[in-house]
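Thank you all for making the time this morning. I would like to walk you slowly through one structure, so please have a look at it first.

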Amino acid sequence: MQIAIVLYPGFTALDFIGPYEVLRWLPKAEVRFVWHEPGPITADSGVLVVGATHSFDETPSSDIILVPGGMTTIEHARDEKLLDWVRQAHQSATWTASVCSGSIILAAAGLLKGKRATSHWMALSALKALGAIPIDDERIVPAGDPEEKIVTCAGVSAGIDLGLWLAGQIGGESRAKVIQLSMEYDPQPPFDSGHMSKASATTKAAATALMAKDLVQPSQLKAATLLLWDRALDAARSRRKRGLVPSLR
């Protein structure tokens, strides 16, 4: 079973490490970290470096595709090489999955149009703008079409839950429980502010400000503007082709 986990500059470490630690224990699992070419990829922290083991060209099809999120997701959601690979690899995959804002890349590739999906709470509006139906109160969200086998999950730590969910779908509940115990995954957080519905107004404001430091970087603002502009142009051209908008000529 081949598992392809996309790594891109600026990924969030736990987004991929969590599900990786689960999925690598599936029978006959072969994990590949994929990017344009093999080599070191730096996380959004700027200090953690992980090696991409294979290129997209070397990995045309996999059983599981996993796209993590990160502070640079919007930027990479305009990477046509990445989007083309996601579209093609998805056609033969058993499951295509995302963690956190990785769902933005799936949406940009056209896989989530009109489908239920989730993401980090700060990315839900972008998910909606790209044509998905954003879900803000479920940690793991299958897209709803059993034929397509697409599943998204909420932010960062939810990737561990997603990994166990996939392990249950692929290897059976018993195998997933064995993996859970081997990891001693028994979360008992000292605080209860892990979801927007539970956090205080002060905590929400502070968390938003904390994350905004990275998201308001000029490069990210430019990427977000261009991505939304691309979608607006695509929508306008589509309407014109259907005769809903008169030609400007």
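Before anything else, a word I shall use often: a residue is called buried when its relative accessible area is under 20%, exposed when that area is over 50%, and partly exposed in between, with a 1.4 Å probe and only protein chains considered. Helices and strands, in turn, are DSSP runs numbered from the N terminus, with helices being H or I runs of at least four residues and strands being E runs of at least two. With those terms in hand, we can say that β7 is mostly covered, since 5 of its 5 residues are buried.

I should say early that this is a predicted model, in which local features need pLDDT of at least 70 and side-chain atom pairs count only at pLDDT 80 or more, while totals for chains, interfaces and linings use all residues. Residues are numbered from 1 along each chain as its sequence is written, and side-chain values use heavy atoms, with hydrogens and water left out.

Let me begin with the whole protein. The protein has 9 helices and 11 strands. Its radius of gyration, taken over C-alpha atoms, is 18 Å, and the globule rule, which is 2.2 Å times the number of residues to the power 0.38, gives close to that value, 18 Å, for 249 residues, so the protein is as compact as a globular protein of that length. The C-alpha trace spans about 65 × 45 × 35 Å along the principal axes, and 42% of the 249 residues count as buried. If we take contact to mean heavy atoms within 4.5 Å, then of the contacts between residues at least 6 apart in sequence, 64% join residues at least 24 apart.

Now to the sheet, where I count two strands as paired if DSSP finds at least two bridges between them. As general background, strands of a sheet pair through backbone hydrogen bonds, either parallel or antiparallel. Here 7 strands form an open sheet in the order β5-β2-β1-β6-β7-β11-β10, and the pairing is mixed. Strands β5 (54–55) and β10 (140–142) stand at the edges with a single partner strand each, so one side of each is left without a neighbour in the sheet.

Moving along that order, β1 (residues 2–6) pairs with β6 (residues 64–67) in the parallel sense over 3 bridges, and alanine 4 has isoleucine 65 of β6 as its bridge partner. Strand β6 pairs in turn with β7, again in the parallel sense, over 4 bridges, and here isoleucine 65 has threonine 96 of β7 as its bridge partner. Strand β7 (residues 95–99) also pairs with β11 in the parallel sense over 4 bridges, with serine 98 bridged to threonine 152 and valine 99 bridged to cysteine 153. The pairing of β10 with β11, by contrast, is antiparallel, over 3 bridges, and isoleucine 140 stands opposite cysteine 153 there.

Which residues of β7 lie on each of its two faces? Trp95, Ala97 and Val99 are on one side and Thr96 and Ser98 on the other, and all of them are buried. In β11 (residues 150–153), Ile150 and Thr152 point one way while Val151 and Cys153 point the other way, and these too are all buried.

Let me finish with the loops. Cysteine 100 is in the loop between β7 and α4 (102–108); its phi is near 55°, a positive value in a residue other than glycine, and at 6% relative accessibility it counts as buried. Glycine 69, in the loop between β6 and α2 (73–76), is buried with a relative accessible area of 0%. Leaving out residues up to four places away in sequence, glycine 69 touches several others, among them Tyr8, Val99, Cys100 and Ser101, and its C-alpha atom is 4.3 Å from that of serine 101, although the two are 32 residues apart along the chain.

Histidine 120 sits in the loop between β8 (116–117) and α5 (124–129) and is buried, at 11% relative accessible area. Beyond its neighbours within four places in sequence, histidine 120 is in contact with residues including Cys100, Ser101 and Met211. Glutamate 184, in the loop between α7 (173–183) and α8 (201–215), also has a positive phi, near 50°, but glutamate 184 is exposed, with a relative accessible area of 67%.
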